[in-house]
Amino acid sequence: MNWHLVVTGPHRGHLWYVTGEGALPFGAEFGTTTGESGFAGWVGHWSKGADWFV
């Protein structure tokens, strides 16, 4: 399991949670969490110690 920051293309700036079973984008825009989409949203979510999939 790893987090990947997309640096090119239409999802540039977004983070994806990648596992052997599949991948999920991070952020409320995608419905996987209530956190703000993008790198800044991911860091803010992480710094609060918030649950990753709520």
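**Exercise 1. Locate Val7 in this predicted model, and decide whether Val7 is buried or exposed.**

Solution. The position of Val7 is in the loop that runs between β1 and β2. Its relative accessible area is 56%, and since the cut-off for an exposed residue is over 50%, Val7 counts as exposed. The next step is to ask which residues join Val7 in a nonpolar surface patch: these are Leu5 and Phe39, and with Val7 they make a patch of about 290 Å².

**Exercise 2. Classify the ring pair of Trp3 and Tyr17, and state which elements the pair ties together.**

Solution. Four aromatic pairs are counted in the model. In the pair of Trp3 and Tyr17 the ring centres are 5.0 Å apart, and the planes meet at 45°; because planes under 30 degrees apart count as stacked and those over 60 as edge-to-face, this pair is tilted. Trp3 belongs to strand β1 (residues 2-5), whereas Tyr17 belongs to strand β2 (residues 15-18), so the contact ties together parts that are 14 residues apart in sequence. As for accessibility, Trp3 is partly exposed at 26%, while Tyr17, with a relative accessibility of 18%, counts as buried.

**Exercise 3. Classify the pair of Trp3 and Phe26 in the same way, and place both rings in their wider aromatic setting.**

Solution. The ring centres of Trp3 and Phe26 lie 5.9 Å apart with 80° between the planes, and the pair is therefore edge-to-face, given that the cut-off for this class is over 60 degrees. Phe26 sits in the loop between β3 (23-25) and α1 (39-47), and Trp3 in strand β1, so parts that are 23 residues apart in sequence are tied together by this pair. Phe26 counts as buried, at 2% relative accessibility. Taken together, Trp3, Tyr17, Phe26, Phe39 and Trp42 form one aromatic cluster.

**Exercise 4. Determine which residues of α1 are buried, and which exposed residues lie on the face turned away from them.**

Solution. The buried residues of α1 are Gly41, Trp42 and His45. They cover an arc of only 100° around the axis, which means that they lie on the same side of α1. As a general point, an α-helix has 3.6 residues a turn, so residues three or four places apart point the same way. The face of α1 turned away from the buried side carries the exposed residues Ala40 and Ser47.

**Exercise 5. State how confident the prediction is, overall and by element.**

Solution. The protein has an average pLDDT of 89, and 98% of the residues score at least 70. Confidence is highest in β1, with a mean of 94, and lowest in α1, with a mean of 90.

Terms used. Residues are numbered from 1 along each chain as its sequence is written. This is a predicted model: local features need pLDDT of at least 70, side-chain atom pairs count only at pLDDT 80 or more; totals for chains, interfaces and linings use all residues. Side-chain values use heavy atoms; hydrogens and water are left out. Rings of Phe, Tyr and Trp (its six-membered ring) pair if their centres lie within 6.5 Å; planes under 30 degrees apart count as stacked, over 60 as edge-to-face and the rest as tilted. Helices (H or I, at least four residues) and strands (E, at least two) are DSSP runs, numbered from the N terminus. Buried means under 20% relative accessible area, exposed over 50%, partly exposed in between (1.4 Å probe, protein chains only). Patches are made of residues with over 30% relative accessible area and no salt bridge: like charges are joined within 9 Å, nonpolar side chains (Val, Leu, Ile, Met, Phe, Trp, Tyr) within 5 Å. Accessible areas come from the Shrake-Rupley method with a 1.4 Å probe; for residues, only the protein chains shown count as cover. A salt bridge is a side-chain nitrogen of Lys or Arg within 4 Å of a carboxyl oxygen of Asp or Glu. pLDDT is the predictor's confidence in each residue, from 0 to 100. The arc is that of the directions from the helix axis to the C-beta atoms.
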